[in-house]
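Trainee: I would like to go through this structure with you. Could we take the contact between the chains, then the cores, then the strands?

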Amino acid sequence: MRVTVLVRPKTGIRDPQGEAIRGSLAGLGYPVSEVSAGRIFDLEVDTDDPAEAERVGRETAGRVLANELIEGFEVVVG
Amino acid sequence: MITFLGSLDDRDALRAVEVVGGEAVPLWHGAADLQGVDAVLLPGGFSYGDHLRCGALARFTPIMGAVAEFAAAGGSVLGICNGFQILCEAGLLPGVLTPNHTRRFICRDVDLVVQAESPWLGDRPVGASITVPIKHGDGAWFHPEEGLDALEANGQILLRYAEDVNGATDRVACVTNAAGNVCGLMPHPEHAVDPLLGSIDGRLLVGRLAAA
């Protein structure tokens, strides 16, 4: 099953990547006042059970894919 | 001295240990065996290409289990630059390293001010200044406001940058675990052990390993 893990910088955490992108977008004339840059992980989990797929998604997100001191994550199954 | 895939300061680290009178033993990340060493050094570099987050993948290598056991038993462990990032990601040190707020890789000597007396800093008193180079793109140590005072009160914050160089929380450059036997910093003491390189202040931190 496909599991998607979305990782975002926590609110209030400095995000130099987002700031750099925002600066470039502003330079191109786009009316964008803020950019937050995160990551998307698409996992192909070897199971047909949505609950098991979500469990694997959550565990890998909390243990490996995100560092919860600075990032939050969201797990989407299917 | 552990070499990970992508370590690049491992040769300098080996030499630094010899300079301060220690016997340097090269270890490999893939073997869960510390070969009976008296102290452990995790060198700088870009393990696993800094993919995911700096140090986030190296922390799962076989030798890190042995390092965690060694640290729990009170063994001296020093993480420099990428080694510091690995120890933070592994939960052996507080906080996490994030991209420099300057959005630039920084490579220069910096002045560091002693914040607490510690065997890692020899006889240097609180307020003394040492000079050690930094070279990093992801060197801003971050720690939530909550718990920061406890680290300070417990003497775990050993060094602060004399001025803000990378955006680190409270200008913190070097921290230890609660017991004080695990120490990490972004500056490179192994590059400051020879007068030819401009400073020998790095002998303090590396010397602690040789004394173990």
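Mentor: The following exchange takes up those topics in turn, and the model is a predicted one.

Trainee: How many residues does each chain give to the contact?

Mentor: Chain A contributes eight residues and chain B contributes 11 residues.

Trainee: And which element supplies the largest share on the side of chain A?

Mentor: That is helix α1 of chain A, residues 16-27, with three residues. By character, the chain A side that touches chain B comprises five nonpolar residues, two polar and one charged.

Trainee: Turning to the interior, which residues of the largest nonpolar core touch the most other members?

Mentor: This core has 66 residues, and those with the most contacts to other members are B:Val17, B:Val40, B:Leu41, B:Phe84, B:Leu87, B:Leu158 and B:Ala173. Helix α2 of chain B, residues 62-72, provides the largest share of this core, five residues.

Trainee: What does B:Val17 touch?

Mentor: Leaving aside residues up to four places away in sequence, B:Val17 touches B:Met1, B:Gly22, B:Ala24, B:Leu41, B:Val206, B:Leu209 and B:Ala210. There is also a second, separate core of 10 residues, with A:Val3, A:Val5, A:Ala66 and A:Phe73 among them.

Trainee: Now the strands. In what sense do β6 and β7 of chain B pair?

Mentor: Strand β6 (residues 106-114) and strand β7 (residues 129-136) of chain B are antiparallel, with eight bridges. B:Asp109 is opposite B:Pro133 in β7(B).

Trainee: How many bridges link β6(B) and β9 of chain B?

Mentor: Three bridges join β6(B) to strand β9 of chain B, residues 157-161, again in the antiparallel sense. B:Val113 has B:Arg160 in β9(B) as its bridge partner.

Note on methods. Residues numbered from 1 in each chain as written. Chains lettered and ligands numbered in written order. Predicted model: local features only at pLDDT ≥ 70, side-chain atom pairs only at ≥ 80, totals over all residues. Contact = placed C-beta atoms within 7 Å. Helix = DSSP H or I, 4+ residues; strand = E, 2+ residues; numbered from the N terminus. Nonpolar A, V, L, I, M, F, W, Y, C, P; charged D, E, K, R; others polar. Core = buried A, V, L, I, M, F, W, Y, C linked by C-beta atoms within 7 Å. Buried ≥ 20, exposed ≤ 12 C-beta atoms within 10 Å, placed from the backbone. Pairing = 2+ DSSP bridges.
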